[in-house]
Amino acid sequence: MFPLHLLTVFFIGSSVEGHEDPREDEEGWEEKRREGEDSRRPMYDLSLYKRGDLLEVPKTLFTHFGIYLGNNRVAHLIPDIVPLFSTNKDIISEMVTNDRLIMGVIAKQASVRVDTVEDFAYGSKILVNHMDHVCSQPALDAEEVAQGAEKLLGDVAYSLLWFNCEHYVMYCRYGTAISFQTYQFCKAVRKIFCSRKCALLSALTGMGIMSYLGSVTPLTTLPTILTPFLIWMAS
């Protein structure tokens with residue numbers, strides 16, 4: 001009889017463990033419902049933005065810019081490789097991924113497009129009209145800014161240094177196409193390469209190459225002299 005009692009206890013215990021409390025099911029469904037509502041809730045408070053505002057999204061390596069047009073719409077210049085290979089508007093209108101963006105930078109292909117605030121910011125913090133405190137030019141009228149941004153919608157020639165998203169918004173809001181990011185980058189490059197140390201290093205490198213080749217010809221002598229001289233004069 002003892003084995004039968006043992007089996008009975010085992011099966012009863014198993015059935016108790018496998019039995020789920022209906023209250024737990026209700027709580028689980030309620031939690032999922034709340035999560036669904038949270039996912040549909042806008043990530044950004046649109047009441048903070050007005051038509052013609054300059055929106056700034058700081059990233060790790062760069063800052064992205066756009067002009068708010070109202071009704072959860074942002075006009076911004078963004079590199080995108082897809083328009084080179086497809087004319088399908090549905091595909092082109094999808095949010096630009098990092099791969100599409102990088103390939104667009106390399107191919108120098110970009111467009112001024114309109115996206116939602118969520119797609120524009122991509123989960124990052126948004127600064128509003130921060131450039132008003134940086135640019136010496138006064139901002140144009142808000143409606144004039146928005147209309148100017150809308151007129152430039154479409155494909156544009158892109159340059160990482162000479163015409164990027166910052167040039168676009170600065171032209172729309174202040175009437176001058178400048179980029180403080182480009183200025184800071186060029187300043188850093190100049191500090192690194194246009195220095196006296198760099199001139200000395202290039203001279204030593206040139207002499208080392210001449211010594212390694214064991215020949216002194218105009219093809220080796222001229223770059224060895226001219227390159228350090230130009231860097232020295234630019235430093």
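**Helix 9 and the six-stranded sheet**

Helix 9, spanning residues 196-213, contains 18 residues and reaches 26 Å from its first C-alpha to its last, close to the 26 Å expected at 1.5 Å a residue. Viewed down the axis of helix 9, its buried residues fall within an arc of 140 degrees, so they line one face of the helix. The model described here is a predicted one.

The buried residues in question are Cys198, Ala199, Ser202, Ala203, Gly206 and Met210. Helix 8 (180-193) and helix 10 (218-234) are among the elements that cover these buried residues of helix 9. On the face turned away from the buried side, helix 9 carries the exposed residues Lys197, Leu200, Leu201, Ser211 and Tyr212. After helix 9 comes Gly214, which has a positive phi, near 70 degrees.

The next topic is the sheet. It is an open sheet of 6 strands in the order 5-1-2-3-4-6, with antiparallel pairing. Strand 5 (127-128) and strand 6 (154-157) stand at its edges; each has a single partner strand, so one side of each is left without a neighbour in the sheet.

Helix 6 (residues 142-151) packs on this sheet, where it touches strand 2, strand 3 and strand 4. The direction of helix 6 makes about 110 degrees with that of strand 2. Helix 7 (residues 165-174) lies across strand 1 (54-58), strand 2, strand 3 and strand 4, and runs at about 40 degrees to strand 2.

Strand 3 stands between strand 2 and strand 4 in the strand order. With strand 2 (residues 63-70), strand 3 pairs in the antiparallel sense over 3 bridges. Gly70 has Arg73 of strand 3 as its bridge partner, and Ile67 has Ala75 of strand 3. The hairpin of strand 2 and strand 3 has 2 residues between the strands, and in this hairpin Asn71 takes a positive phi near 55 degrees.

Towards strand 4 (residues 109-115), strand 3 is joined by 6 bridges, and the two strands run antiparallel. Here His76 stands opposite Arg113 in strand 4.

How enclosed is strand 3 by the rest of the structure? Of the 7 residues of strand 3 (residues 73-79), 6 are buried, so the strand is largely enclosed by the rest of the structure. Buried here means under 20% relative accessible area. Helix 6 and strand 3 touch, and helix 7 also lies across strand 3.

Note on methods:
Residues are numbered from 1 along each chain as its sequence is written. This is a predicted model: local features need pLDDT of at least 70, side-chain atom pairs count only at pLDDT 80 or more; totals for chains, interfaces and linings use all residues. Side-chain values use heavy atoms; hydrogens and water are left out. Buried means under 20% relative accessible area, exposed over 50%, partly exposed in between (1.4 Å probe, protein chains only). Helices (H or I, at least four residues) and strands (E, at least two) are DSSP runs, numbered from the N terminus. Two strands pair if DSSP finds at least two bridges between them. The expected span of a helix is 1.5 Å times one less than its number of residues. The arc is that of the directions from the helix axis to the C-beta atoms. Contact means heavy atoms within 4.5 Å. Axes are lines fitted to C-alpha atoms, for helices over the stretch in contact, and angles run from 0 to 180 degrees between N-to-C directions.
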